[in-house]
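Colleague: I'd like to learn how to read the sheets in a model like this one. Could you walk me through it?

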Amino acid sequence: MNNLEGKLKLQNRLLKSVLVSLLFFVPISHINSAEPTLENTLKTAMAEEIKVHTALKIVFQTPELIITPADIIRGYIDIPDAVHAEIQNNNLAGYLIVFEGLGEYFKEAVVKGLGKDTIISSNGGWIAQPYNGKDPVMIELSFRFILSENITPGTYAWPLSISVSPIIPV
């Protein structure tokens with residue numbers, strides 16, 4: 001689990017705990033009331049939060065990068081159509097596509113295919129995406145990997161892990 005996912009899960013748990021704690025302060029006489037009460041509002045908010053679903057299915061991903069001496073001289077390698085993925089999201093606030101794990105052989109990566117080019121540093125990064133309806137969204141990503149000085153020609157495993165996370169408004 002990456003650091004962002006851990007923080008989002010912790011935030012989610014804390015919010016649920018606060019909401020459940022507030023339920024104990026609402027008088028019992030209002031539980032079945034048709035008028036809006038704090039409890040009814042909190043129950044609705046909790047039910048809506050529980051239904052949030054954001055998932056990623058990698059349909060295709062380039063398994064490895066072959067770095068040639070020409071790539072090293074140029075300083076980068078382009079990998080067109082490197083990732084094909086399906087994203088399901090019902091969160092009205094949108095979602096994040098999270099990238100991690102460039103490692104020591106790559107300085108950064110430029111992600112193409114999500115509207116505008118986005119730079120992912122060696123520390124990772126994310127790209128916010130808006131809500132696009134409940135139907136799955138297909139994405140096709142291309143990458144430009146900027147090579148570090150210590151890379152040598154050879155075959156390297158795919159350097160990035162890709163995940164998704166719902167955006168949780170605060």
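Modeller: Gladly! Keep in mind that this is a predicted model. Let's begin with strand pairing. Strand β4, residues 95–100, pairs with β7 in the antiparallel sense over five bridges.

Colleague: Which residue of β7 is the bridge partner of Ile97?

Modeller: That is Ile127. Find these two in the view and you have a handle on the pairing of β4 with β7.

Colleague: In what order do the strands of that open sheet come?

Modeller: The order is β7-β4-β10, three strands with antiparallel pairing. β7 (125–129) and β10 (161–166) are the edge strands; each has a single partner strand, so one side of each lacks a neighbour in the sheet. From one strand to the next, the twist averages 20°.

Colleague: And how many strands does the open sheet with β8 in it have?

Modeller: Five, again in an open sheet with antiparallel pairing, and their order is β1-β3-β8-β5-β6. Here the edges are β1 (54–61) and β6 (118–121), and because each has a single partner strand, one side of each is left without a neighbour in the sheet. Ignoring direction, neighbouring strands of this sheet are turned by 30° against each other on average.

Colleague: How many bridges hold β3 and β8 in register?

Modeller: Nine bridges, in the antiparallel sense, between β3 (residues 76–89) and β8 (residues 137–147). Two pairs to look for are Val83 with its bridge partner Leu141, and Ala85 opposite Ile139. On the other side of the pairing list, β1 and β3 run antiparallel and are joined by seven bridges. There, Leu56 of the one strand faces Ile87 in β3.

Colleague: What should I expect of side chains along a strand?

Modeller: In a regular strand, side chains alternate between the two faces of the sheet.

Colleague: Let's try a single residue, then. Is Thr54 buried or exposed?

Modeller: Buried residues have a relative accessible area under 20%. Thr54 has 17%, so it counts as buried. This residue lies in strand β1, an edge strand of the five-strand sheet.

Colleague: Which side chain makes a polar contact with that of Thr54?

Modeller: The side chain of Asn89 does, at 2.8 Å. Leaving aside neighbours within four places in sequence, Thr54 also touches Gln88, Asn91 and Tyr95, as well as Val164, Ser165 and Pro166.

Colleague: Where do some of those contacts sit?

Modeller: Asn89 and Gln88 fall within the residue range of β3, while Tyr95 falls within that of β4. Val164, Ser165 and Pro166 belong to the range of β10.

How values were computed:
Residues are numbered from 1 along each chain as its sequence is written. This is a predicted model: local features need pLDDT of at least 70, side-chain atom pairs count only at pLDDT 80 or more; totals for chains, interfaces and linings use all residues. Side-chain values use heavy atoms; hydrogens and water are left out. Two strands pair if DSSP finds at least two bridges between them. Helices (H or I, at least four residues) and strands (E, at least two) are DSSP runs, numbered from the N terminus. Axes are lines fitted to C-alpha atoms, for helices over the stretch in contact, and angles run from 0 to 180 degrees between N-to-C directions. Buried means under 20% relative accessible area, exposed over 50%, partly exposed in between (1.4 Å probe, protein chains only). A polar contact is a pair of N or O atoms within 3.5 Å; within protein, one must be able to donate a hydrogen and the other to accept it, and residues adjacent in sequence count only if both atoms are side-chain atoms. Contact means heavy atoms within 4.5 Å.
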